[in-house]
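Colleague: Before we move on, I would like a close look at one charged pair and at the part of the fold around it.

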Amino acid sequence: LAATAAFLLVSSADGVGNVCHGSPPPSPPPRRAPSMIAKLAVGSEPLQPFITPDGRKLYVVDRGPGTVSVIESARVDLTAVLPITNEQYATGLDSATPDGRFLYVDDSTAGLAIIDTASAAVVGRLPFRGSKVFAPDGSAYAADSTSGTVVHFNVSNQTILGVTHVGQQPDTLTLARDGNLYVTDSVTHAVAGLTTSLKFLWSVALLNSPGPGGVGPPFAIPGRPVIYTALQTGTLDIIDVNRGTIAKVIPLGGRPVSANLSLDGKSVFVATDNGSLLVVNTQNDSITTRVAIPGSPYNVFMSPGGRVEYVLSQSSGDLETTLSVVRTADHQIISQLKLNASSFAAELSRDGRTIVLVDRSSPVVTVIDTAGPTVVGRVKVGGVPESLVLAPDGSRAYVSLAGDSAIAVIDLGYA
């Protein structure tokens with residue numbers, strides 16, 4: 001699933017062994033050396049895997065035969081193969097509901113196939129695809145770039161509840177805390193405001209073209225009637241949602257690759273491709289700090305407790321990756337780790353203790369303990385990694401190997 005600008009959830013512990021509230025946690029158990037404990041053949045070209053929130057089932061989309069493999073994760077047993085399309089081609093996992101009950105898989109033809117993870121079966125199809133947000137009432141909204149509409153549908157029975165035209169190519173959308181929808185359009189370069197009943201409120205043309213997809217959906221600032229949208233042309237546009245007008249445009253000095261809101265809502269952290277992590281004060285809409293990052297940042301993680309940000313960047317012709325740990329309280333780099341390898345995809349465990357990196361140019365998976373940070377293992381998987389997902393408890397990594405037609409299972413060294 002694509003990385004986007006979004007709110008981060010509060011957790012009691014951060015990624016560097018500290019607790020933000022309450023008494024100190026017990027010392028973690030000693031860590032074993034990570035190792036590959038299983039490899040399971042799946043299809044011909046496995047793409048990104050998905051694991052259910054309880055960690056019991058793994059779903060792997062296979063591009064080649066247009067199927068989804070269902071795997072019992074503890075025993076690494078293939079239990080079912082679900083046909084997705086008759087065209088022998090599936091684009092990949094489109095999205096999943098927040099509770100993991102339903103998966104949406106792009107079937108490359110008519111739209112989306114819907115998988116019910118409770119029954120491990122395809123239960124329906126939707127005639128559209130695109131960015132989605134899920135509402136508390138059990139419905140969802142999708143930006144359908146093909147028809148230029150926003151579609152409102154019931155998640156459990158796939159009933160279409162409403163459709164409205166919003167532009168030429170709606171690209172991303174968000175359901176803000178004020179109860180309204182905000183939709184970006186990558187062709188008209190506009191943001192539109194809608195009510196949840198799909199009543200049109202306003203549309204405002206952005207001062208700069210966001211390009212295809214911008215960085216992600218616009219996000220609201222708690223306690224203020226504004227939304228922020230980071231644009232690939234190098235600005236952070238601030239929109240007054242009461243008036244439907246641009247309140248301010250902040251030049252970033254580079255193309256943004258990530259934008260995250262701090263847990264207290266007082267800061268936005270924007271990483272740019274020219275080697276900067278910018279800190280924007282959301283109370284006065286100004287850049288307060290520029291943190292120099294080596295190379296070009298490509299992935300940013302906030303620790304679960306919000307104490308630090310982990311910034312992955314590449315330099316030397318993408319042959320060297322640097323992990324910078326930035327303390328959010330004073331925006332200082334407190335440690336850096338250089339890796340003599342490039343990185344294609346990376347994941348941070350939910351407990352914040354582990355970062356796992358994969359590289360399409362090497363059959364090796366790198367495991368980093370964030371407490372140092374230190375590399376605790378470089379695990380050979382025998383094939384070219386395509387994507388990965390981590391078990392909810394942080395004990396395993398499941399890596400799809402497109403060139404090896406398999407899923408590799410890595411024990412990350414924790415019980």
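Colleague: Judged by relative accessibility, does Asp 116 count as buried or exposed?

Modeller: Asp 116 counts as buried, with a relative accessibility of 8%, where buried means under 20% relative accessible area, exposed over 50% and partly exposed in between, using a 1.4 Å probe and protein chains only. Please keep in mind that this is a predicted model, in which local features need pLDDT of at least 70 and side-chain atom pairs count only at pLDDT 80 or more, while totals for chains, interfaces and linings use all residues. Residues are numbered from 1 along each chain as its sequence is written, and side-chain values use heavy atoms, with hydrogens and water left out.

The partner of Asp 116 is Arg 101, and the closest N and O atoms of this salt bridge are 2.5 Å apart; the term requires a side-chain nitrogen of Lys or Arg within 4 Å of a carboxyl oxygen of Asp or Glu. The two residues belong to distant parts of the chain, 15 residues apart, with Arg 101 in the loop between strand E6 (92–96) and strand E7 (102–106) and Asp 116 in strand E8 (residues 112–116); strands are DSSP runs of E with at least two residues, numbered from the N terminus. Arg 101, by contrast with its buried partner, is partly exposed at a relative accessible area of 36%.

The whole structure holds 11 salt bridges, and another of them joins Asp 273 to Arg 255, with closest N and O atoms 3.5 Å apart. Because Asp 273 sits in the loop between E23 and E24 and Arg 255 in the loop between strand E21 (245–251) and E22, this pair ties together parts that are 18 residues apart in sequence. Asp 273 is partly exposed at 28% relative accessibility, and Arg 255 is partly exposed at 34%.

The strands named here lead to an open, antiparallel sheet of 4 strands in the order E22-E23-E24-E25, where strands pair if DSSP finds at least two bridges between them. Strand E22 (256–261) and strand E25 (286–292) are at the edges with a single partner strand each, so one side of each is left without a neighbour in the sheet. Within the sheet, strand E23 (residues 267–272) and strand E24 (residues 276–281) run antiparallel and are joined by 6 bridges, and Phe 269 has Val 279 in E24 as its bridge partner.
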